[in-house]
There are 2 protein chains.
Amino acid sequence: MLTIGKLGEAAGVKVPTIRYYEQIGLLPEAERSAGNQRLYGRKAMERLAFIRHARDLGFTLEAIRDLLSLSDRPDQSCAAADAIARAQLAEIESRLARLTALKAELERMVVQCAGGKIADCRVIEVLGDHSLCATDHRHPESEVPS
Amino acid sequence: MLTIGKLGEAAGVKVPTIRYYEQIGLLPEAERSAGNQRLYGRKAMERLAFIRHARDLGFTLEAIRDLLSLSDRPDQSCAAADAIARAQLAEIESRLARLTALKAELERMVVQCAGGKIADCRVIEVLGDHSLCATDHRHPESEVPS
DNA sequence: CCTTGAAGCTATAGTTGCTAGAGACATTAG
DNA sequence: CTAATGTCTCTAGCAACTATAGCTTCAAGG
């Protein structure tokens, strides 16, 4: 049985984060020692590792909640899990595309900065005038006001 | 003189967001009409466009605050602006690298999912066991507990 | 056995960058 | 003139933690 500190260390998750996960119901309420301290076994460890890994992969806590409830019912079809993973992949692909465009513009900006005075600074200038910018970075959702 | 709604429309920024920017001091307090409604001129419009564009590029509001205060002093060296932009570029490059690795792992996960039962699902399995994962996604800062 | 320092506990508030709601006043189109 | 829309302020909420305060418990050394 591990205390919360050891568990956090083992899983690479900070102690308050573990308590937070318990609070929002991602982790079950932990057993307690005589002195009211949380104690964790291997199952909790695995569940926390799962969460940690999924967070690392950019899944939201909500998606993780779904995946965990799926993994609790091993007899069902894994179509739902597959769908969640595919959605996450699509999300990451779109973020990648956006970031790539942003990187290009930032590079142009930085390269053009001649190191002179602010008045001539391309960084400030480009930021102030979208028309100086080659690519279109507008968020999709900002086009269609909900 | 534009009302806040027109300004928001023109700049592609939602009305509450403009008020929020004013509240946190990114935009100066707006002039008011007889009926206490905010009125904006061209200067406010440009400042808001600057903020919008910089946000699109992923700059934090803090960085934008710095850039704005730089642009208010056109005689000074643009080294600081350049540094902010370069930091932003580095940040984006690192996010790009991470996202690229995540994408690879998600793709592997999704491809391997045979569409059977949860018990055999690669998605769940890979998430639960980091050793099944080729790449290392740990956040740099999580290695060195502060 | 006792003390000390680290680690644990609860509860609350703060972070970033907005977004949503309530309820009241202003403006504008028909 | 009235109805619909827009704006006002204020407060609270979102994700996903992080930090603080003030306490209790535990493990190790003397």
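Helices, in what follows, are DSSP runs of H or I with at least four residues, and strands are DSSP runs of E with at least two, numbered from the N terminus. With that in place, the structure above is a predicted model, in which local features need pLDDT of at least 70 and side-chain atom pairs count only at pLDDT 80 or more, while totals for chains, interfaces and linings use all residues. Residues are numbered from 1 along each chain as its sequence is written, chains are lettered from A and ligands numbered from 1 in the order in which they are written, and side-chain values use heavy atoms, with hydrogens and water left out.

I will start with DNA strand C. Which helix gives the largest share of the surface near this strand? That is α2(B), with three residues. At least two residues each come from α1 (4-11) of chain A and α2 (15-23) of chain B. A residue is near a molecule or strand if one of its heavy atoms lies within 4 Å of it. There are 18 residues around DNA strand C, and those that come nearest are Gly5(A), Arg19(A), Arg38(A), Tyr21(B) and Arg55(B). Of the strand C atoms within 4 Å of the protein, 90% belong to sugar and phosphate.

By class, the surface near strand C has four nonpolar, nine polar and five charged residues. The classes are as follows: Ala, Val, Leu, Ile, Met, Phe, Trp, Tyr, Cys and Pro are nonpolar, Asp, Glu, Lys and Arg are charged, and the others, Gly among them, are polar.

Now the polar contacts, meaning pairs of N or O atoms within 3.5 Å; within protein, one atom must be able to donate a hydrogen and the other to accept it, and residues adjacent in sequence count only if both atoms are side-chain atoms. On strand C, a phosphate oxygen is 2.6 Å from a side-chain N or O atom of Arg55(B). For Tyr21(B), a polar side-chain atom is 2.8 Å from a phosphate oxygen. Arg38(A) uses a polar backbone atom, 2.7 Å from a phosphate oxygen.

Next, DNA strand D. Here 18 residues surround the strand, and Tyr21(A), Arg55(A), Gly5(B), Arg19(B) and Arg38(B) come nearest. The surface near strand D draws at least two residues each from α2 (15-23) of chain A and α1 (4-11) of chain B, and α2(A) gives the most, three residues. Its residues divide into four nonpolar, nine polar and five charged. Sugar or phosphate accounts for 88% of the strand D atoms within 4 Å of the protein, and bases for the rest.

Phosphate oxygens of strand D lie 2.8 Å from a side-chain N or O atom of Tyr21(A), 3.0 Å from one of Arg32(B), and 3.1 Å from a polar backbone atom of Gly35(A).

That leaves the two long-numbered helices, α5 (residues 79-112) of chain A and α5 (residues 79-112) of chain B. They pack at an angle of about 155°, with axes 8 Å apart; axes are lines fitted to C-alpha atoms over the stretch in contact, and angles run from 0 to 180 degrees between N-to-C directions. The two helices are therefore roughly antiparallel, a term for angles over 145 degrees. By class, their contact has 18 nonpolar, four polar and 12 charged residues.

Key: Parallel < 35°, antiparallel > 145°, perpendicular 65-115°, else oblique.
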